[in-house]
Amino acid sequence: MRGLTLQALAESTKLSPSMLSLVERGRASPSIGTLIVVANALAITMSDLLQSEPEADESLVVRADEAKIVETAEHVVRRQLRSDRDHGITIAVNEYAPHTGSNEKPISHEGFEYGYILAGQLTVEVDSQEHHLSKGDLISYKSTRPHRIWNNGETVTKTLWFNLNRD
């Protein structure tokens, strides 16, 4: 829809054309970081890449079995509870298996993030500074700052994540 070639998208995302092709054909599972970088290059939200159908405009309640669930190749499970384009917010529960995370290297993209630790421990690197979080801790930062999310622990970490699509 954007009129980009695979090569042009690869150049703007700094991802290989072959990797993008595998993702496009459903032969590779991208990381959350990769999805964010691709969405940013396409001037859409990550939720736009994940949604197959438009959500009902007047849905007040999202039932547990209605959440869109995506598992990345790194075994991060993302349960997208709400993607509200009109208000610029996505709300998800993310579960990070031990020794997994959003992406290997820090990424940046448009928006603002709030992450609340529901269970376990998580390391969030922002601007090369590591922040070690435990149950009950909250972190917030501009998504334009290079960041990376990682579970260095031995148990699954569960988080509630709010992504604002504007600063």
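This is a short tour of a predicted model, stop by stop, for you to follow in your viewer.

**Whole chain.** Start zoomed out, with the cartoon on. The protein chain has 4 helices and 10 strands, and reading along the sequence you meet them as α-α-α-α-β-β-β-β-β-β-β-β-β-β. The radius of gyration is 16 Å, close to the 15 Å that the globule rule gives for 167 residues, so the chain is as compact as a globular protein of that length. If you draw a box along the principal axes, the C-alpha atoms fill roughly 45 × 40 × 30 Å.

**Colour by confidence.** Switch to pLDDT colouring next. The chain averages 85, with 91% of residues at 70 or more. Which elements have the lowest and the highest mean pLDDT? Select residues 46-50 for the low end: that's helix 4, with a mean of 67. Then jump to residues 129-134, strand 7, which has the highest mean at 98.

**Helix 3.** Now select residues 32-41, which make up helix 3. Is this helix enclosed or not? Since 8 of its 10 residues are buried, helix 3 is largely enclosed by the rest of the structure. Show side chains and pick out the buried ones: Ile32, Gly33, Thr34, Leu35, Ile36, Val37, Val38 and Ala39. Then step just past the end of the helix to Ala43, where phi turns positive, at about 60 degrees.

**The largest nonpolar core.** This core holds 15 residues. Select Leu122, Val124, Ile139, Tyr141, Ile149 and Trp161, the members that touch the most others. To see where the core draws its residues from, colour helix 3, strand 6 (121-126) and strand 8 (138-142): each of these gives it two or more. Apart from this core lies another one, of 5 residues, and you can find it by selecting Ala10, Leu20, Val38 and Leu42, which are among its members.

**Zoom in on Tyr141.** Centre the view here and show the surroundings. What does Tyr141 touch, leaving aside residues up to four places away in sequence? The list is Phe112, Glu113, Val124, Val126, His147, Ile149 and Trp161. Of these, Val124, Ile149 and Trp161 are also among the core residues you selected at the last stop.

**Back out.** Finish with a surface on the whole chain. The exposed area is about 9,600 Å², and carbon and sulfur atoms supply 51% of it. Underneath, buried residues make up 40% of the 167. If you display contacts with a separation of 6 or more, 62% of them join residues 24 or more positions apart.

Key
Residues numbered from 1 in each chain as written. Predicted model: local features only at pLDDT ≥ 70, side-chain atom pairs only at ≥ 80, totals over all residues. Heavy atoms only, no water. Core = buried A, V, L, I, M, F, W, Y, C linked by side-chain atoms within 4.5 Å. Buried < 20%, exposed > 50% of the residue type's maximum accessible area, 1.4 Å probe, protein only. Contact = heavy atoms within 4.5 Å. pLDDT = per-residue confidence, 0-100. Rg over C-alpha atoms; globule rule 2.2 N^0.38 Å. Areas by Shrake-Rupley, 256 points an atom, 1.4 Å probe, with all protein chains shown as cover.
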